[in-house]
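Trainee: Could you walk me through this one slowly, please? I'd like to start with one residue and work outwards.

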Amino acid sequence: KQRSSELALTTGQDSWAYPLRRMMSADCREPLSGIQETVSATELRRNFAWFALSFATNHGVVTTPLIVATSALYHSAAYAGNAMLNITTVISALVLGVPIVGCLGLKGAILFGMTFYCVYVGLFSAAYFAGKDEHATQTMLFTIGSICGGVAAGVLWTAQGGYFSRSVELLHQKEGTARATLTASLAATFAAWYLGCEVVAKLAWSFADKVGVDGWVTALGFTCVGIVATLMQTRSYPLKSAGAQEKWTAKVQKTVALWRDPCIFLVAGINWTFGFSAAFLNGYINGNYTSAQLGNFAVPMLAAFTALLAAVFSRIFGSCSAKIGKSPVLVFGSASFFAIPLCFFAFGCCDDWRWWLLPLYVLQGVGRAVYESTGKGVFADFFPNDPTGAFANNMLQNASAFALCFFLSDFLHGPDLAAIAMVLSVLTPIGYFVGCRIRRAQGAATGGEA
């Protein structure tokens, strides 16, 4: 019976219901026996595309409430919720991500995170429905929802990194393609789906707002889409992490143990730079210039434009990384992030710029494309033997930078925030090159591959 069920999954018979039953069973955390050995490379690539599509659809519908919260909700409720989202994301990435992956497996942890994302959007819809006059109710609903969203983010991105790395490893075994080429290719594929779905979601929200649909109705519709995407994800293969299964406490210790490796911080520049720059643009620039000069409608529209650029350029950068290496692409992305705060000092940004603000969003889109494609590929290359712990740190670094900028925006002025962003963007390629030098030295010392 077990073997026939496995064959049913690989041949498509009852392929939707069987993974769902496994997910609800007591043994859901165990992968299907032999699934990783029996499937072909073509099937693995198709599975990764399906995984990326369902993941991106779910994530796309939860990014829009974060962007529109400050204009849709009572300001204190929005700030409290967004603050809790970032704080909980940091805690979840460090404390919960690896243990839940260890308990539920990669696929189970992904489904866990996607489900909690749906809760986040649903409670945002409820908070929107309550109205701005119900300050306490709206704050409570959105704060609880944001905590759920933060828990989801830390777990989901940790599991995504492990699933990505395992897909690369299996394809390397079956095709013989170099790991660096595979990481560049799959990272570009994932980024294109991920950013493309985000663009569609933001444009859909803008269109619904333009035609007069109530925000809570739109948010409720987004919740339903997120649920459908979660059900879609049950069809993906239950890949398991390489190596023996460890206790969750050992996995937490392993995540923290990576801090002894200087490379975990040296290659973190792209995570910190993107996180701080995104918060700087979506927080300070949007709040003080974009919404005031162009109107609230422009905020999600320009966010969609940024994500669209990132989706397009991620494919380009993925191909470039495979052909010329990741170093030039990483430098180019750092330069794009550097140019955003440079506008504050070189051009006196941003009073009365109006639509001349658009170049800032172009630069952010280009930099984000590097982060989503090449940046994640770098982490997979540097830590091939511990992808789960590495990507937990990846999420921790990004969320910490985002939260830091969010809180500093209440105390520092624009030029101060811009100066911090410039320093981070300059340190990004420097840290990466030092990390590469360390890895080459370690490879030469051990006689292994650098």
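**Charged pairs, then the wider chain**

Mentor: Arg45 counts as partly exposed, because its relative accessibility is 32%, and that class lies between buried, under 20% relative accessible area, and exposed, over 50% (1.4 Å probe, protein chains only). Keep in mind that this is a predicted model, in which local features need pLDDT of at least 70 and side-chain atom pairs pLDDT 80 or more, while totals for chains, interfaces and linings use all residues. Residues are numbered from 1 along each chain as its sequence is written, and side-chain values use heavy atoms, without hydrogens or water.

Trainee: OK, and which side chain does Arg45 meet in a salt bridge?

Mentor: Its partner is Glu175, with N and O 3.0 Å apart; a salt bridge here is a side-chain nitrogen of Lys or Arg within 4 Å of a carboxyl oxygen of Asp or Glu. The pair links distant parts of the chain, since Arg45 is in helix H4 (residues 41–72) and Glu175 is in helix H6 (residues 135–175), 130 residues apart. Helices are DSSP runs (H or I, at least four residues; strands are E, at least two), numbered from the N terminus.

Trainee: Is Glu175 buried or partly exposed?

Mentor: Glu175 is partly exposed, because its relative accessibility is 33%.

Trainee: How many salt bridges are there by this rule?

Mentor: The count is six. One of them joins Lys202 to Glu198, whose closest N and O atoms are 2.9 Å apart, and both residues lie in helix H7 (residues 179–210), about one turn from each other. Lys202 is buried because its relative accessibility is 1%, and Glu198 is buried too, at 5%.

Trainee: What about Lys326, which residue does that one pair with?

Mentor: Lys326 forms a salt bridge with Asp381, at 2.8 Å between the closest N and O atoms. This pair also links distant parts of the chain, with Lys326 in helix H13 (residues 326–346) and Asp381 in helix H14 (residues 358–382). Lys326 is buried at 8% relative accessible area, whereas Asp381 is partly exposed at 31%. Elsewhere, salt bridges that share partners join Glu198, Lys202 and Arg368 into one network.

Trainee: Changing topic, how many helices and strands does the chain have?

Mentor: The chain has 16 helices and zero strands, and 54% of its 450 residues count as buried.

Trainee: Where is Thr89, and what is it in contact with?

Mentor: Thr89 is in helix H5 and is buried because its relative accessible area is 5%. Leaving aside neighbours within four places in sequence, Thr89 is in contact (heavy atoms within 4.5 Å) with Gly150, Ala153, Gly154, Met395 and Ala399.
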